[in-house]
Amino acid sequence: MLAVRPVPLAQGVPMTQALVDGCVLSANYALIALGITLIFSIMNLLNFAHGQMLMIGGFMVYYVYGVFHLPFALGLLAAALVLGLIGAGFERFLFRRVLRVATREENSMLLAVGTALLLENVALFLFGEKQRGVPETVSGVVQFAGAFLPYQRLEVFLVALVLILGLLYFVQYTRPGRAMRALAQDRDAARLMGVNVDRTAMMGFAIGAGLAGLAGGLLVTVQGVNAGIGTDISIKAFIMIMIGGAGVVGGAILGAVVLGFAESIGYAYLPGSLTYLLIFLALILFLVIRPRGIMGHPWG
Amino acid sequence: MTIETKLTRRTLLAGAGGLAAGGLAVGGLARPAIAATKTFTIGVCGVMSGAAASWGLTNKYCSLATAAMWNAKGGFEIGGQKYHIEVAAVDDQNDPKLSVAGIQRLTQQDGLHYIIGPNVDTTAVADVPDLNKAGAMNIPYAFSKWLYTKPRENSILGMIASYQAGPIIYSYLMKAKGVKSVAFLAANASDPLAQMKEGVAAARKLGLKITSSSETYEPSTTDFFPVMAKIVHGKPDLIVLSGVAPAAAPQLLRAARQLGFKGLLSTETAQDIKILVQGAGKDAEGFISVGGASTPAIRSAYMDDFVKEYAKVAGAWNDEAGTKVYALEMVLRTLAVAGPKAITDVKPFQTAMAGFSIPNPFLKARSPLKYVGTAYFGQKRQIGVPLVVNEVKGGKFETLFVGSVS
């Protein structure tokens, strides 16, 4: 029998590769987590359909850019608009009433799960079961300090960064953004101060859903899309906001950075199956010590 | 004129009456045709939603396409009687509890005795007690040898298992491409892990140097760069993507090539060329996978018709279906040999399996299609699907070779 030499840990993966991968993953994850945390902060609602919304955004770009060969930017815009409208519709016709009349939190949670199943099945019906992908918007790979970085991933990283900074500016410095923060801090006080609570909540839901659409549209260039990816993405988004602190924009970004680097460094230097085992173990221990996450307090 | 003035009570009543009369007339006309043809219903139980939906949906669409083809000819003849073929499908979501509930529904409520699926070991193993209790047979797409070895007799492996395809592919690549070292990568889930373990054992037996034998990624992984970086840095001649789902294969291929990997990539699972080319572009070139009767070079006119029917049912052809086209066809043709009693009693079906052999209707070569598996399971509990090994060339699948597990 052939003696097989055990594979040494690290296997020569340069640290620069792990760091570059960590940066790209963190930006991708932050874009995913921001939408879900925005909705949670404004409506105190965990949007279980976030992954499914991201999936539909991916399909929008697939059709606009991949099938009809229109500009990629137009696909992103379509994804953001369609998902924004779906989000606004969900808030106006489903969640607003349930949140108003329900006496238990489970009702809105069950409704959120229902919307996730609805979107997934509609997508399966409309788009089929197949994995879809689009051509790269930019091809080639740059190599530096032993690390490989495809231009496509660099583009996704940069666009995600711009979108994250844009959202932070919006919630921090614009009037609607301030209204959303006020709503997150105290709904009644915000109403007394003249904030149109219904309109602001609808806008928040629409922006959160639109962000999911943008994230899905952006990531379809590197990950592809299929009707079944939603639940796994929602679970990752929940992990990130649990780490960072639910309902805190900065917390979502921090959670994304922690998960992104844990994943990239773990996969580079640990046996593959240990990476997520350790991530979940660390998450459980962390939540026992600090159940509200790293930045677990509302905005402001 | 408004709609309200058009829709008077009289017109509504007249319309309803007309519809009822029309319905009765159509029913009356249709009845003699239905009475002349009995119905045979095949069950399909598998994963039809979530990330692995394509596995179960391909089973369902294959069954629907086969049924439509036979129904268009007036039904399938068993013992001198034409049977209209119907399909009852259940989505088990790859969850053993739902799979058991699905099997119970199909066998106890619908009274079915032949079921295609499920798709993975965990669900297939969970279904065994209920299948035995109901005296039903199934055709799982799960590789666990336990399912097909005595005292179990009611499950038939529907395709080529990874432990059958792996050694043949590695051996071919060693001779034809000079492969000396191999790395394995699998999703951290029961079936891919089992396939990786079996692949590693086969590679060791063949004397290949193994640079990675235990690297895994989570099934929810969307970015494969980090895990692939580690594999590529081991500098293997061949990377085997054990049990890779069609949804993950394009990204893994792209990640490997973008990381500068120049060697070969292969898998023992069936893939779809459109998915590979759409997701990985030119990075899919050279990828070796197991196919069915799907490449135009080897398929028969009957298979061409099936491809068209499948596209009608599912919206588009999927190369994965090339390995799954056999299930319902084999059930029907074995029933034709076993006789009508076998529709509700699987014993005559099992007896007929032993000597069953027909020219493969899906391949030009018309090689014998029979039940095999004695060497692996001690009994004939596998459909003798030919081992078709494909390579992506010029954005299309090209058949490298056709082998047999028997």
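Contact here means heavy atoms within 4.5 Å. The model shown in these views is predicted.

**Figure 1. Surroundings of B:T269 in strand β9 of chain B.** Strand β9 of chain B spans residues 264-270, and B:T269 is found in this strand. Leaving aside neighbours within four places in sequence, B:T269 is in contact with B:Q195, B:G243, B:V244, B:S289 and B:V290. With one of these residues, B:V244, there is a polar contact: the side chain of B:T269 reaches the backbone oxygen of B:V244 at 3.1 Å. B:T269 counts as buried because its relative accessibility is 10%, and the class of buried residues takes in values under 20%.

**Figure 2. The hairpin of strands β1 and β2 in chain A.** Strand β1 of chain A covers residues 141-144 and strand β2 of chain A covers residues 147-150; the two run antiparallel and are joined by 4 bridges. A:F144 has A:A147 of β2(A) standing opposite. Between the strands of this hairpin lie 2 residues. A:A145 adopts a positive phi near 45 degrees in the hairpin.

**Figure 3. Extent of the interface between chain A and chain B.** On the side of chain A, 43 residues are in contact with 46 residues of chain B. The two chains bury about 3800 Å² between them, and carbon and sulfur atoms account for 54% of that area. Within chain A, the residues that lose the most area to chain B are A:E129, A:K130 and A:Y267, which together make up 18% of what the chain A side buries.

**Figure 4. Polar and charged pairs across the interface of chain A and chain B.** The count of salt bridges between chain A and chain B is 2. A salt bridge links A:K130 with B:D272, and the closest N and O atoms of this pair are 3.0 Å apart. A:K130 is also among the chain A residues that lose the most area to chain B. Across the interface, 13 residue pairs are in polar contact, with both residues at pLDDT 80 or more.

**Figure 5. Elements and residue classes on the side of chain A that touches chain B.** At least two residues of this side are supplied by each of α1 (15-43), α4 (105-127), β2, α8 (197-223), α9 (230-244), α10 (249-269) and α11 (272-289) of chain A. The largest share, 6 residues, comes from α1(A). Strand β2, which pairs with β1 in the hairpin of chain A, is one of the contributing elements. By class, the side of chain A that touches chain B comprises 21 nonpolar, 13 polar and 9 charged residues.

Conventions
Residues are numbered from 1 along each chain as its sequence is written. Chains are lettered from A and ligands numbered from 1 in the order in which they are written. This is a predicted model: local features need pLDDT of at least 70, side-chain atom pairs count only at pLDDT 80 or more; totals for chains, interfaces and linings use all residues. Side-chain values use heavy atoms; hydrogens and water are left out. Two strands pair if DSSP finds at least two bridges between them. Buried area is the accessible area (1.4 Å probe) that two parts lose on being put together, summed over both. A salt bridge is a side-chain nitrogen of Lys or Arg within 4 Å of a carboxyl oxygen of Asp or Glu. A polar contact is a pair of N or O atoms within 3.5 Å; within protein, one must be able to donate a hydrogen and the other to accept it, and residues adjacent in sequence count only if both atoms are side-chain atoms. Ala, Val, Leu, Ile, Met, Phe, Trp, Tyr, Cys and Pro count as nonpolar, Asp, Glu, Lys and Arg as charged, and the others, Gly among them, as polar. Buried means under 20% relative accessible area, exposed over 50%, partly exposed in between (1.4 Å probe, protein chains only).
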